[in-house]
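Work through the following exercises with the sequence and the coordinates at hand, and try each task before reading its solution.

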Amino acid sequence: MGLQDRNLQNGGRMRPIDLARRHGLSAQAVRNYEEDGILPAAGRTAHGYRTYTPLHAQALAAFLALVPGHGHRPAASIMRAVNRGATDEVFRLVDESHALLLEDRRTLRAVESALRDLAPAEEPGTAPAPASGPEAAGAGRTFVGPLAEELGIRPATLRTWERAGLVRPRRDPLTGYRVYAEADVRDARLVHQLRRGGYPLRRIAPVIDRVRTAGGLEPLEATLCDWRERLSARGRAMLTGAAELAAYLREREGDDVPSPDSSKATA
């Protein structure tokens, strides 16, 4: 049994390094967490050295458990609220993180649904026939008018998506008209599907970036699989963080309740 474990069992006082070792941290990191309000204020020895208790150990465990699921900044805000005794604020912050995770799950489902809807149009022989005459832009390419007509939207909507960086047509060097290549048409179709699902442009932009990074729809499956795994990991981490946070809240409540011996002493 290590020194810190003996101190914790005996309710003893600990130095910053004693608190830090269990988590592979530096003593300075522990001091920084205290200064940031993530840990309660430490006691001081007669010589001014910091001393920590099992309550501080539980606070540190709670914070480190919250970070993987909530992120560093939200986890720090949760701990500060706990240490201020602002319980309603704690629950609100936790709820916000869960709401964000739920929204990310909904976005993933919307993307998967949109990709399924796009799949038939990507199969050989099912793509719309290219425009002919003055509207033709070359094999696999089209102009703003025909694309807007295909999607059932106004050309101005496509230009709005372009300003948001969701579609990136090139300009014809002779006419100056916008020319949408195959990848641009794919992006426009995906944006259209997500907009129909009620998603704002700011939420769609990261999705389009994922498609572009993957190099198209087919390679995106690996990205979607990784996305699902990350969401599951966040959900599991939130459960772990909730358990440690609940333990810290109980520890604080226990510290606030006078012991039977202290009650008799003051009677």
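**Exercise 1. Determine which residue of β5 is the bridge partner of Arg170, and place the two strands in their sheet.**

In β5, Arg170 finds its bridge partner in Val179. Helices and strands here are DSSP runs numbered from the N terminus, H or I over at least four residues for a helix and E over at least two for a strand. The strand β5 covers residues 178–180 and is joined to β4 by 2 bridges, the two running antiparallel; strands count as paired if DSSP finds at least two bridges between them. The open sheet has 3 strands in the order β3-β5-β4, with antiparallel pairing. Because β3 (142–143) and β4 (170–171) each have a single partner strand, they stand at the edges, and one side of each is left without a neighbour in the sheet.

This is a predicted model, in which local features need pLDDT of at least 70 and side-chain atom pairs count only at pLDDT 80 or more, whereas totals for chains, interfaces and linings use all residues. Residues are numbered from 1 along each chain as its sequence is written, and side-chain values use heavy atoms, with hydrogens and water left out.

**Exercise 2. Describe the surroundings of Asp104: is this residue buried or exposed, and which residues does it touch?**

Begin with the location, which is helix α6. Asp104 has a relative accessible area of 17% and is therefore buried, on a scale where buried means under 20%, exposed over 50% and partly exposed in between (1.4 Å probe, protein chains only). Next, list the contacts (heavy atoms within 4.5 Å): leaving aside residues up to four places away in sequence, Asp104 touches Arg203, Trp227, Leu231 and Arg234. Then turn to the salt bridges, each a side-chain nitrogen of Lys or Arg within 4 Å of a carboxyl oxygen of Asp or Glu. The side chains of Asp104 and Arg203 form one, at 3.0 Å from N to O. Since Asp104 lies in helix α6 and Arg203 in helix α10, the pair ties together parts that are 99 residues apart in sequence. Arg203 counts as partly exposed, at 21% relative accessibility.

**Exercise 3. Find how many salt bridges the rule gives, and examine two further pairs.**

The count comes to 15. In one of these pairs, the side chains of Asp187 and Arg186 meet at 2.9 Å, N to O, and both residues are buried. These two also belong to a network of salt bridges that links Arg186, Asp187, Asp209 and Arg212. The other pair is Asp226 with Arg230, whose closest N and O atoms are 2.8 Å apart; both lie in helix α11, 4 residues apart, about one turn of the helix. Here Asp226 is partly exposed at 32% relative accessibility, while Arg230 is exposed at 54%.

**Exercise 4. Identify which residues have the most contacts inside the largest nonpolar core.**

A nonpolar core is a set of buried Ala, Val, Leu, Ile, Met, Phe, Trp, Tyr and Cys residues joined through side-chain atoms within 4.5 Å. The largest one has 32 residues, and Leu158, Trp161, Leu190 and Leu194 have the most contacts inside it. Its largest share, 6 residues, comes from α6.

**Exercise 5. Decide where confidence in the chain is lowest and where it is highest.**

By pLDDT, the predictor's confidence in each residue from 0 to 100, the lowest mean is 37, in helix α12 (residues 260–266), and the highest is 96, in helix α5 (residues 72–84). Where pLDDT is low, the predicted coordinates should not be read in detail.
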